[in-house]
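Take a look at the fold below and keep it open while you read. We'll start in the middle and work outwards.

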Amino acid sequence: MIRGTVVIERDICKGCELCIAACPQESLGLSSSININGYRFAELIQDNCTGCVNCALVCPDVAITVYRQPKSAIKKAV
Ligand code: SF4
Ligand code: SF4
C-alpha cells in the first residue's frame, strides 16, 4: 500500500470538517487548540494516511497538501 502524509495550513483552515468526513482512513481530526482566526483546525491524528488525496480535493480553502511515498522518495501529489 502506498503511504502518504498531509500538511495542513492551520491558519488557513476554518474547521469545516469536510476533509475529516472525506478521509476513508479516519486519519484526520479537529485540534483541541485554535488557530489565529479562532477556529479549531484539522490535523493528522493517525499515521495511516494512504495519500488518496480526498481531503485535499474537498477542502474549500486549499489548506491541505498531500505527499506520497511510493518507494524511497516522497513526491508531492497535490
Ligand atoms: S490523503 Fe486520503 S488517507 Fe490521507 S488524510 Fe487525506 S483523505 Fe485521509
Ligand atoms: S476541509 Fe479544509 S478548511 Fe475544512 S477542516 Fe479540512 S483543512 Fe480545514
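The largest nonpolar core in this predicted model has 14 residues. Here a nonpolar core means a set of buried Ala, Val, Leu, Ile, Met, Phe, Trp, Tyr and Cys residues joined through C-beta atoms within 7 Å. Buried means that 20 or more other C-beta atoms lie within 10 Å of a residue's own; with 12 or fewer it is exposed, and in between it is partly exposed, with C-beta atoms placed from the backbone. V6, I8, C19, A42, C55 and I64 have the most contacts inside this core. Two or more residues each come from β1 (3-8), β3 (40-44) and β4 (64-69). In soluble globular proteins, nonpolar side chains tend to be buried together.

Now pick out A42. Leaving aside residues up to four places away in sequence, A42 touches I8, C13, C19, I20, L28 and L30. A contact needs C-beta atoms, placed from the backbone, within 7 Å.

Next, β1. G4, V6 and I8 make up its covered face, while R3, T5 and V7 make up the uncovered one. In a regular strand the side chains alternate between the two faces of the sheet. β1 pairs with β4 in the antiparallel sense, over six bridges, and G4 stands opposite R68 in β4. Strands count as paired if DSSP finds at least two bridges between them.

What surrounds the two ligands? The table sets out both shells. A residue is near a ligand if its C-beta atom, placed from the backbone, lies within 6 Å of it. Ala, Val, Leu, Ile, Met, Phe, Trp, Tyr, Cys and Pro count as nonpolar, Asp, Glu, Lys and Arg as charged, and the others, Gly among them, as polar.

| Ligand | Shell | Closest residues | Make-up of shell |
|---|---|---|---|
| Ligand 1 | 15 residues | C23, C49, C52, N54 and C55 | nine nonpolar, six polar, no charged |
| Ligand 2 | 15 residues | C13, C16, C19, A42 and C59 | 11 nonpolar, one polar, three charged |

β1 and α2 (54-58) each give at least two residues to the shell around ligand 1; for ligand 2, α1 (18-22) and β3 each do so.

Zooming out, the chain has two helices and five strands, in the order β-α-β-β-α-β-β from the N terminus. These are DSSP runs numbered from the N terminus: helices are H or I with at least four residues, strands E with at least two. Of the 78 residues, 22% are buried.

Residues are numbered from 1 along each chain as its sequence is written, with chains lettered from A and ligands numbered from 1 in the order written. Since the model is predicted, local features need pLDDT of at least 70 and side-chain atom pairs count only at pLDDT 80 or more, while totals for chains, interfaces and linings use all residues.

Conventions. Two residues are in contact if their C-beta atoms, placed from the backbone, lie within 7 Å.
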